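Here is a friendly walk through a protein model, written for someone meeting it for the first time. Keep the picture at hand and look up each residue as it comes along.

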Amino acid sequence: ALQHLKHNKHKVVLFHVVEAKTEVNFDFDNAPRKFVDIETGEQAVVFADNVKEEYEKEVQKFFKKLSLTCSQNRIKYIQVRVDESFEKIMTTYLVEKQNFG
């Protein structure tokens, strides 16, 4: 899909919006939590402490793979936190673009 975006020499920037507390750091108390796969509907009930370390490792692998894929396709990859303001995100990107092309 990322290669398709590059069709006709379009310049592509991927803003990957993440929620750091739960999505990246898996910061949950150790009460049982039900997680639902939004694509398949599959459900799993887990205690956060039992899966936290493995989850964080897999998330980091995913982010690295996504970043590498973007780099290979000359797509600018920018990870941003959902709690950052739109203005801050865009200003940071535009300043970087101005400095490094």
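What follows covers confidence, the core, one histidine, the aromatic rings, the salt bridges and a couple of distances.

**How far to trust it**

First things first: this is a predicted model. Across the chain, pLDDT averages 88, and 97% of the residues score at least 70. Confidence does vary from place to place. Strand β3 (residues 43-47) does best with 95, while helix α1 (residues 2-5) comes in lowest with a mean of 77. As a rule of reading, predicted coordinates should not be read in detail where pLDDT is low.

**The core**

Now for the inside. The largest nonpolar core has 10 residues: L2, V12, V18, V24, V59, F63, L66, C70, I75 and Y77. Helix α3 (residues 48-72) supplies the largest share of that core, with 4 residues. One core member to pick out is L66. Leaving aside residues up to four places away in sequence, L66 touches L2, L14, H16 and Y77.

**A histidine on the inside**

That list brings us to H16, which sits in strand β1 (residues 13-18). Is H16 buried or exposed? Its relative accessible area is just 14%, under the 20% cut-off, so H16 counts as buried. And what does its side chain make a polar contact with? The partner is the side chain of Y77, at 2.7 Å. H16 has other company too: with residues up to four places away in sequence left out, it touches F62, F63, L66, Y77, I78, Q79 and V80. Notice that Y77 turns up as a contact of H16, as a contact of L66 and as a member of the core.

**Rings in pairs**

Next, the aromatics. The structure holds 6 aromatic pairs. In one of them, the ring centres of F26 and F35 are 5.6 Å apart and the planes sit at 25 degrees, which is why the pair counts as stacked. The two partners differ in how they are covered: F26 is buried at 5% relative accessible area, whereas F35 is partly exposed at 30%.

Another pair joins F62 and F63. Here the centres are 6.0 Å apart and the planes make an angle of 55 degrees, so this pair is tilted. Once more the burial differs, with F62 partly exposed at 46% relative accessibility and F63 buried at 8%. F63 is also one of the residues in the largest nonpolar core, and both F62 and F63 are among the residues that H16 touches.

Some rings do not stop at a single partner. Ring pairs tie F26, F28, F35 and Y55 together as a cluster, so you can look for F26 and F35 there as well.

**Salt bridges**

On to the charged side chains. The count comes to 6 salt bridges, and three of them are set out here.

| Salt bridge | Distance, N to O |
|---|---|
| R33 and D29 | 2.9 Å |
| K57 and E54 | 3.3 Å |
| K61 and E58 | 3.3 Å |

Take R33 and D29 to begin with. R33 is partly exposed at 31% relative accessibility, and D29 is partly exposed too, at 45%.

The other two pairs in the table belong to helix α3. K57 and E54 are 3 residues apart in that helix, so about one helical turn separates them. K57 has a relative accessible area of 46% and is partly exposed; E54 is also partly exposed, at 41%. K61 and E58 follow the pattern, being 3 residues apart in helix α3 and therefore separated by about one helical turn. E58 counts as partly exposed, with 36% relative accessible area.

**Two distances to look at**

To finish, here are two pairs of positions to find in the picture. K97 lies in helix α4 (residues 86-100) and is partly exposed, at 34% relative accessibility. Its C-alpha atom is 10.0 Å from that of K76, and the two residues are 21 residues apart along the chain.

The other pair starts at N8, in the loop between α1 and β1. N8 counts as exposed, at 59% relative accessibility. How far apart in space are N8 and Q43, C-alpha to C-alpha? The distance is 41 Å, for residues that are 35 apart in sequence.

Technical notes. Residues numbered from 1 in each chain as written. Predicted model: local features only at pLDDT ≥ 70, side-chain atom pairs only at ≥ 80, totals over all residues. Heavy atoms only, no water. Core = buried A, V, L, I, M, F, W, Y, C linked by side-chain atoms within 4.5 Å. Buried < 20%, exposed > 50% of the residue type's maximum accessible area, 1.4 Å probe, protein only. Contact = heavy atoms within 4.5 Å. Polar contact = N/O pair within 3.5 Å; in protein donor to acceptor, adjacent residues only side chain to side chain. pLDDT = per-residue confidence, 0-100. Phe/Tyr/Trp six-rings, centres within 6.5 Å; stacked < 30°, edge-to-face > 60°. Salt bridge = Lys/Arg side-chain N within 4 Å of Asp/Glu carboxyl O.
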